[in-house]
Amino acid sequence: MKIKTSYSNHPSWKEVHTQVRLNKELVPLEKLARNLWWVWNLEATDLFAELDPQLWKETGHNPVTLLQTLSYARTEEILKDKTLMAKVKSLCAKFDKYMSVKPDKKKPSVAYFSMEYGFTHVLKIYSGGLGVLAGDYLKEASDSHVDLAGVGFLYRYGYFTQRISPDGQQEAFYEAQNFNELPIEQVMEEDGNPMILAVPYHDRDVYAHVWRVNVGRVPLYLLDTDLDMNSEYDRPITYQLYGGDWENRMKQEYLLGIGGILLLNKLGIKKEVYHCNEGHAAFINVQRLLDLIEKEGLTFNQALEIVRASGLYTVHTPVPAGHDYFDEGLLGKYMGHFPERLGISWNEFVDMGRENPGSNEKFSMSAFALNTCQEANGVSLLHGIVSRNMFHSMWKGYFPEELHVGHVTNGVHLPTWTSRECKALYEKTFDETFYEDQSNEDIWKKIYDVPDQEIWNLRLKLKRRLIDYVQEQMREGWVKNQTNPKSILNVIDKINPDALLVGFGRRFATYKRAHLLFTDLERLSRLVNNEKFPIQFIFTGKAHPADGAGQGLIKHIIEISRRPEFLGKIIFLENYDMRLAKRLVSGVDIWLNTPTRPLEASGTSGEKAEMNGVLNFSVLDGWWYEGYREEAGWALTDKRTYTNQAYQDELDAAIIYSTFENKILPLYYARNSKGYSPEWIQYVKNSIAKIAPHYTTKRMIDDYINNFYTKQAARSEKISADNYAKAKEIAAWKEDMASKWDNFTVVSMKANGEDMPQSMISQLEGESVILEIVLDKKDMVGDLGIDYVVVDTDADNNTKLLQTIPFQLSKTEGSKLYFTLKEPTTLIGTHKYAFRVYPSNKDLPHRMDFAYVRWI
């Protein structure tokens, strides 16, 4: 037998990691590195950078990786550097002082559930605005001493990294995160082993590791199913954010809802309010109901009173198509075992997720959230209106403007998104209590005392830093993407640091209308090639991998940017993440936003720009609808001229060109003898003084506390007291009312003592009409109420509510209720009216809580 000269099997590689054991004097930095407090405190990031500037850059500004890879020699140098060690001790003392402050007991405690959180580019568990908003909110909860705990997922791959191919195509790369290198901690059992949460699905248990993100004083718990105990079918549940098919989405939302509450139970965490950040988390209320029924012995209706009282649903989506809907078959596969345990039928359960119970509609997570949460809100004033119109069919006896769905306009975390230079300016200029009183416009007005030249110089510095960053990224990108270096150098050489710089950064969904600027390329070419008024545009953003139209738009913009007349004038930056966003919102002069009205629920990128003295030019939609002030930015009207969207786009594009040509550019280049535009600086000061105070997460969390959390916590405590006595009483009253709703009769209806006419009541302006109605409620328990409802009908036969006036219950005789309304006429002309009977109970939070209606 001939002997082979070479033979080897395949190696089984295993990871081994070696790191320097930190000296005890540096050990406190490990605790600091694993608390995201460093994200919004410049002293912390400055210190980490100073430990090893080159390594800080190489590790992508990740303090955990920095400390893990710090060399022994450099560690010894640090220990000998007295100045640096003094900074270490000072920073750790500041951090310990911050952490020692306990939650404010006057503020209700909150459990917060979200599919994504954006804190830093280092921790990839976010895709865009929803996640960044949730991350900002948790940071603010920490700063505002709110007892809040968050629940979400630790994604193995997170959202994708975007690269642009040489031909302009978006390419999506999913890069696995090494959890050991992230600013997180694994939650352990008392025996020292990793905590494992078993979540019972319909035919098996799914297991999850639990990780904790320390967001200052606030804990965020993340579930991770990528462990050996799970099948290959279940491990990917937490692989990707918004990845996979509808079944994977169901598995994710099941895990977030059912698993999220089981996790809090396991950790012994109970809160006063349970806040669903979008409908993804609505299944938390299934498990909460189950706990009350199986552990407390309540009936379904009794348990629902408790769950609803402490439930809040925030909707971020302005169109029905943006909500999650599940086929009944898929829903049944995962949720079919719950109704029996809840004590209701399958049809009753499914109907809780339908806007029209009894129909064949798909199961809506939003409808389920609305049916199981007492309160709901949109994320801007306009979005609140849009949401009431979107959901009004769920409460058919009421008009949209009568609904309980409110709003809290989103804000941004000021310490995170304000540049170093602007922070220094504000801290020097404003009151020392500034960060604790961010919504106080009187404090912000002191910006008017700052010399114009100082603000102009600050803005130029931030713009030049952004341009330096853009040029650096483009140089690095040509190697990574194998782009022709000559073409990149052509772009870099043509970037003008003195030109007006306009930024557009957001998700590339078609309704965002990133294409609008490119409607008339000849006019755009004249605009960007005007040597008297030079202007440049920076675009950036990702399109969902399944959104072909969004990806096509990115390719279209890149192709235009490569045309000779647009080189260096139109620039597209790849891989829009939090790191790029922070530079962009502070470095441009104008933040451009052009959504199709009214499809922008809120939008927070423009708010981030506000914090840095960047002026907004946007459609009056989302937050800008209420934020816009004259001579503090520019706006396209919220009104539509055309129903044809293509025509509307052309008109809006023409207005954008005209506004740049005739207003913005002449203002920016109206330079005085000192080389700056006093009129432009006045706009900047107006923007900072009049707009910025109202769009921080400090104002936002105060609104949630004052408008929702406090009243919900108080009511929840009230109806839960004495073994849920009040909840049981309300549930019994509703059951009786529902079973007998058709039993009451109308005894009489009179106007000015005469039988009420069937068609029309005639009266003169200012003349009072006395209306009297008598109802016989038979054996109903409790009271009824009556509204006088006046409406108008427009040319399209749409009904518009004009007036709602409640009758007064003047007396009761046995089962008969006597109602009276004396009201002077204030409406002129012919209108329609009707009388609406409803159940009346002072213990209800609002009419939609038990929206039975009968028109008589």
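I count Ala, Val, Leu, Ile, Met, Phe, Trp, Tyr, Cys and Pro as nonpolar, Asp, Glu, Lys and Arg as charged, and the others, Gly among them, as polar. The model I am working from is predicted.

**Second largest pocket**

With those classes I sorted the lining of the second largest pocket and got 16 nonpolar, four polar and 10 charged residues. The pocket holds about 1,000 Å³ of space. I listed 30 lining residues, and Leu304, Asn371, Asp849, Phe850 and Tyr852 are those nearest the centre. I then looked up which helices take part: α10 (300-309), α13 (346-351), α14 (365-372) and α28 each give at least two residues to this lining. The largest share is that of α10, with five residues.

**Cavities**

I searched the whole structure for cavities of 30 Å³ or more and found four. The largest has a volume of about 60 Å³. Its lining consists of Trp456, Arg459, Leu460, Asp589, Gly613, Tyr668, Trp680 and Val684. Two elements, α19 (452-480) and α27 (678-690), supply two or more residues each. Helix α19 contributes the most, three residues. By class I noted five nonpolar, one polar and two charged residues in this lining.

**Lys463 and Asp589**

Asp589, from the lining of the largest cavity, turned up again in my salt-bridge list. It pairs with Lys463, and the closest N and O atoms are 2.8 Å apart. I checked where the partners sit: Lys463 is in helix α19, Asp589 is in the loop between α23 (578-587) and β18 (590-593), and the pair links distant parts of the chain, 126 residues apart. Are these two residues buried or exposed? I found Lys463 and Asp589 both buried.

**Lys740 and Asp779**

I next took the salt bridge between the side chains of Lys740 and Asp779, at 3.6 Å from N to O. Lys740 lies in the loop between α28 (697-739) and β21 (745-751), and Asp779 in the loop between β23 (768-776) and β24 (783-793), so the bridge ties together parts that are 39 residues apart in sequence. Lys740 has a relative accessible area of 17%, so I entered it as buried. For Asp779 I read 47% relative accessibility and entered it as partly exposed.

**Lys295 and Asp291**

I also looked up a bridge within one helix. Lys295 and Asp291 have their closest N and O atoms 3.8 Å apart. Both residues belong to helix α9 (residues 284-296) and are four residues apart, about one turn of the helix. Which of the two is exposed, and which is buried? Lys295 is exposed, with a relative accessible area of 58%. Asp291 has 14%, so I put it down as buried, the cut-off for that class being under 20%.

**Salt bridges overall**

My total for the structure is 59 salt bridges. I also noted a network of them that links Arg156, Asp226, Asp228, Glu232 and Arg235.

**Nonpolar surface patch**

Last, I looked at a nonpolar patch on the surface. Leu381, Ile385 and Tyr625 make up about 220 Å². I traced Tyr625 to helix α25 (residues 624-627). Why can Tyr625, a partly exposed residue, count towards a patch? Its relative accessible area is 32%, and patches are made of residues with over 30% and no salt bridge.

Methods. Residues numbered from 1 in each chain as written. Predicted model: local features only at pLDDT ≥ 70, side-chain atom pairs only at ≥ 80, totals over all residues. Heavy atoms only, no water. 1 Å grid on protein atoms, 1.4 Å probe; cavity = no way out; pocket = protein on both sides within 12 Å on 5 of 7 lines; lining within 4 Å. Points joined across faces, edges and corners; volume = space filled by probe spheres on them. Patch = residues over 30% accessible without salt bridge, like charges linked within 9 Å, V, L, I, M, F, W, Y side chains within 5 Å. Areas by Shrake-Rupley, 256 points an atom, 1.4 Å probe, with all protein chains shown as cover. Salt bridge = Lys/Arg side-chain N within 4 Å of Asp/Glu carboxyl O. Buried < 20%, exposed > 50% of the residue type's maximum accessible area, 1.4 Å probe, protein only.
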